[in-house]
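Student: Could you walk me through one part in close-up: the aromatic rings and what goes on around them? I'd like one connected story, please.

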Amino acid sequence: MLFKANASITGTYDASTTQVDFKTGNKQFVTFGSGNIANLRLEFPATSGNFVVLLKQDGTGSRTITNYKCYDSEGNGASGSLPLLFAGGSNPTLTTDANHVDIISIFWDADNEIAYGVASLDFQF
């Protein structure tokens, strides 16, 4: 599988589980559809690295993500920590204004299967 380090890959929105597959590229783009996301499934490659997911509100806004779940390169729940660990210990409150963008930057520690995240919020157009 070819790893595209400089391309932005567009994920497919699904209200139940939206998949972000970092094995296809380290930069991912997700636009909310007609509702919230219950589970953002973050799939990582077998090597450690830095990854970014850009989350864009749709034209309505007020969309949220309940769970950020991490999976290893084989699709198993990350053994070090299944949820993405955010600075401060809790999930960020996403910007809910229509068409605004939040960026989640992640360091994936493949040896210990732990993902550390930080949110940069409220990019406006």
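Tutor: Start with phenylalanine 22 and phenylalanine 44, which are both buried. Buried means under 20% relative accessible area, exposed means over 50%, and partly exposed is in between (1.4 Å probe, protein chains only). Keep in mind that this is a predicted model, so local features need pLDDT of at least 70 and side-chain atom pairs count only at pLDDT 80 or more, while totals for chains, interfaces and linings use all residues. Residues are numbered from 1 along each chain as its sequence is written, and side-chain values use heavy atoms, with hydrogens and water left out.

Now for the rings themselves. Rings of Phe, Tyr and Trp (its six-membered ring) pair if their centres lie within 6.5 Å; planes under 30 degrees apart count as stacked, over 60 as edge-to-face, and the rest as tilted. That rule gives 5 aromatic pairs here. Phenylalanine 22 and phenylalanine 44 make a stacked one, with 5.2 Å from centre to centre and 25° between the planes. This pair links distant parts of the chain, 22 residues apart: phenylalanine 22 sits in the loop between strand 2 and strand 3 (25-31), and phenylalanine 44 in the loop between strand 4 and strand 5. (Strands are DSSP runs of E, at least two residues, numbered from the N terminus.)

Tyrosine 68 and phenylalanine 86 meet another way: their ring centres are 5.0 Å apart and their planes are at 80°, so this pair is edge-to-face. These two also link distant parts of the chain, 18 residues apart, with tyrosine 68 in strand 6 and phenylalanine 86 in strand 7 (residues 85-86). Tyrosine 68 and phenylalanine 86 are buried too. Back at phenylalanine 22 and phenylalanine 44, Phe51 and Trp108 join them to form one aromatic cluster.

What are the rings packed among? A nonpolar core is a set of buried Ala, Val, Leu, Ile, Met, Phe, Trp, Tyr and Cys residues joined through side-chain atoms within 4.5 Å. The largest one has 23 residues, and Phe22 and Phe44 are among those that touch the most other members, along with Leu42, Leu55, Ile65, Leu84 and Ile106. Strand 4, strand 5 (49-56), strand 6 and strand 8 (101-109) each supply at least two residues of this core. Take leucine 84: not counting residues up to four places away in sequence, it touches Leu42, Tyr68, Cys70, Ile104, Ile106, Ala115, Tyr116 and Gly117. Contact here means heavy atoms within 4.5 Å.

Some of those strands also build a sheet. Strands 2, 4 and 6 form an open sheet of 3 strands in the order 2-4-6, with parallel pairing. Two strands pair if DSSP finds at least two bridges between them. Strand 2 (17-21) and strand 6 (65-71) are the edges, each pairing on one side only. Strand 4 (residues 37-43) is joined to strand 6 by 6 bridges, and glutamate 43 stands opposite tyrosine 71 in strand 6.

Glutamate 43 also brings in glutamine 19, because their side chains make a polar contact of 3.1 Å, and glutamine 19 lies in strand 2. A polar contact is a pair of N or O atoms within 3.5 Å; within protein, one must be able to donate a hydrogen and the other to accept it, and residues adjacent in sequence count only if both atoms are side-chain atoms. At 39% relative accessibility, glutamine 19 counts as partly exposed. Leaving aside neighbours within four places in sequence, glutamine 19 is in contact with Gly11, Thr12, Arg41 and Glu43.

On to the other strands. Strand 7, the home of phenylalanine 86, runs parallel to strand 9 and is joined to it by 2 bridges. Leucine 85 has tyrosine 116 as its bridge partner in strand 9. Strand 8 and strand 9 run antiparallel, with 8 bridges between them, and isoleucine 104 is partnered there with alanine 119. The hairpin of strand 8 and strand 9 has 4 residues between the strands, and glutamate 113 takes a positive phi near 50° in it. At 16% relative accessibility, glutamate 113 counts as buried.
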